Amino acid sequence: MRSLPETTRRTLPLPGWSLAWFAAAWLAVCLPGTPARADEAMAQRTRACTVCHGEQGRAGPDGYYPRLAGKPAGYLFHQLQHFRDGRRHYGLMNRLLQPLSDDYLMRIAQHFADQQVPYPPPLPLSATERSAAAAGEALALRGDAARGLPACTACHGATLTGVLPATPGLLGLPRDYLSAQLGAWRAGQRRAHAPDCMAEIAQKLTLPDIHALSLWLSAQPAPVPARPAAQLKAEPPLRCGSVLATR
Amino acid sequence: MNRPPLRVPEPPFPRPSATRRLLPMLAVMIMALLWLTFYGDIDLSSLNKPVTPEVPVERLGRPLDDSDSLTPVERGAYLARAGNCAYCHTAPGGAPYAGGRAVATPFGDVYAGNLTPERKTGIGGWSADDFWHAMHEGRSRDGRLLYPAFPYPAFTGIRREDSDALFAYLMQLRPVEQANRAHTLRWPYSTQAALRVWQWLYFSPAPWSPEPQRSAEWNRGAYLVQTLAHCGSCHTPRNRFGAANDDRRFAGALMPDGLWHAPSLRSIDEAGVQQWSAEDVARLLRSGRAPRGSAQGPMAEVVLHSTQHFSDVDLVAMGQYLKSLSVLPATDEAVALAPRAPDTRLMQSGAAIYERHCADCHGKQGEGLPGAFPALAGQRSVLMENSHNLLQSLLYGGYGPSTRTAPLPHGMPPFMLTLNDIESAAVLTYIRNAWGNVAPEVTPLDVQRQRDAAIR
């Protein structure tokens, strides 16, 4: 039997194990299903969002744009739909989302819900603001039974970090954003699925209430970790369409 | 204390009253009518009469969808998407086909009507004949003339059987009681008399006629583009009374909202596809993107709501037809306005802004990131003389459409609140003149005009 000449042997294909390594490396790089890769791809697709809402949707309390990171996906999805369909009003958001499908909006919502990034410390209150905020603390933690106002914690969770699947956390948000949203709810400009529990509450709030709540909420540090609660400990005081819609 | 009396500054020129401004226009319209009646070789009595379309069906090849076994309702559903009816006839976030979206025109807003089969507020009391009269003649069931914001100048050419299929589809929708909103048009455009004059001057119901020397495929594409898909409603320039300029069909026009420029389909420097393959045209209309261009703004919505649902056969047929459109020579005006070298300071500050805000996605050399962010070097939507679309994209950002074949498009953030007018002008002038690009400067005034137009 003739043996192969030396030169030919050197150019034989790579041994099997190195091919396997190569294939494994190639798969790791190219498989779109890998969670890290998928997240990276979504980060690239949502650059249009993060320019204003901060990297990974981590916007801090020093601007206007709300934080998106770690909010319940159901809540984010509803807001994206409302913006696209003209039920929530902010011109730039309304236009940006026009050509996007429900499926894609859900992917975007889930992407930001999955981002776990630490909260920056809240902006400090001045002495006068602190005294105004005291009324906000009372409303947020205890409500006002005489006026039929439940505490914020009754629906948004004991730590105010939201409740799955569709109730948002209220911490880490800019003061101006909070007061603009409460004002919009009160004026009927911001709405949710019927029965619209938040509208019902906001219409009972006075302007000083909104001021006090915005001050107090924006000054609260978020607990670590600041995840939404899996469920409420007690029955919520109101029936909320946005929560029912996700069941 | 003596204060000077408060004075309201007067505008530099006294504005003529509304009546005085309209008089010359009315005079022209009346004279035009008289001239047409007595000297024009148009027989007015023949206008506005239904013409029975006689399109030889065999010239159109097979039915509009691949499947021959469609029921009239299924066929109507397909045609309704082809005509993008639901887009205007659905208020944002409202019940489908129940009407209520405002169509902005230079004459005021026209609100699309309720097309659901509801008797009081919809078209529940209509017959297929009534529907045909609306599509073919621009005339409502009660005899009122309809505003051409409803694109009957294009729909007039559709085949009767297609009109009937559309009607059958609409009649089985869920009836929704929703009263039509009154149009908010200015006088005299708000009157039936004005519409009557308009129809006399600019519209006569006519069947679509095929070109027998062309292939069945080409004719099918032409039929779709010219009638149901009503591409000319945006892409054909209009005169000051909103009538299509047929000599410059598909030659590009400012959209009626004044924000976007529907690029010319007859110029290879704008959106002409004469040098594309018909398959690439189909790809753009199906997915919103193609190797040499992508759909943005209003076209992204057309792809989303309408063209992505066309069958492949129909899309390629439309591509064949669009490819065959003759190229219009550039106007003398465009030659005279050949770009000067842009201001050096503007270019320098533009380069710095580009580096800071744009280069991450679009690349240091404007090369883009394939499959994600478009290249800006050599991109004709960047180089197009008209800068409306570029400004819209910069100020408002935008996503491509989520389509079945490209469900997760990439997007661009709005820069309206990040860049001021001077910075916006600088960065756009830079991308129009860097990396071998050559195109006219964008001025801060251009930016300001676009911001103003959006507020109006």
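**Strand pairing, a helix contact and domains in the predicted model**

In this predicted model, strand S1 (residues 102-105) of chain B is joined by four bridges to strand S2 (residues 108-111) of chain B, and the two strands run antiparallel. The connection from S1(B) to S2(B) is a hairpin of two residues. Within this pair, B:Val103 is placed opposite B:Val110 of S2(B).

S2(B) also pairs with strand S3 (residues 184-185) of chain B. Two bridges link S2(B) and S3(B), and the direction is again antiparallel. Here B:Asp109 stands opposite B:Thr184 of S3(B).

In chain A, a contact between two helices was examined. Helix H10 (residues 175-187) of chain A and helix H12 (residues 207-218) of chain A have axes that come within 9 Å and cross at roughly 145°. The crossing of H10(A) and H12(A) is right-handed. On the side of H10(A), the contact is formed by A:Arg175, A:Leu178, A:Ser179, A:Leu182, A:Gly183 and A:Arg186. H12(A) contributes A:Ile210, A:His211, A:Leu213, A:Ser214, A:Leu215, A:Leu217 and A:Ser218. By residue class, the contact of H10(A) with H12(A) consists of six nonpolar, five polar and two charged residues.

At the level of domains, chain B is divided into domain 1 (55-202), domain 2 (216-332) and domain 3 (339-455). The centres of domain 1 and domain 3 of chain B, taken over C-alpha atoms, are separated by 37 Å.

Conventions: Residues are numbered from 1 along each chain as its sequence is written. Chains are lettered from A and ligands numbered from 1 in the order in which they are written. This is a predicted model: local features need pLDDT of at least 70, side-chain atom pairs count only at pLDDT 80 or more; totals for chains, interfaces and linings use all residues. Two strands pair if DSSP finds at least two bridges between them. Axes are lines fitted to C-alpha atoms, for helices over the stretch in contact, and angles run from 0 to 180 degrees between N-to-C directions. A crossing is left-handed if the near helix is turned anticlockwise from the far one by less than a right angle, and right-handed if clockwise. Two residues are in contact if their C-beta atoms, placed from the backbone, lie within 7 Å. Ala, Val, Leu, Ile, Met, Phe, Trp, Tyr, Cys and Pro count as nonpolar, Asp, Glu, Lys and Arg as charged, and the others, Gly among them, as polar. Domain bounds come from an automatic or database domain assignment.
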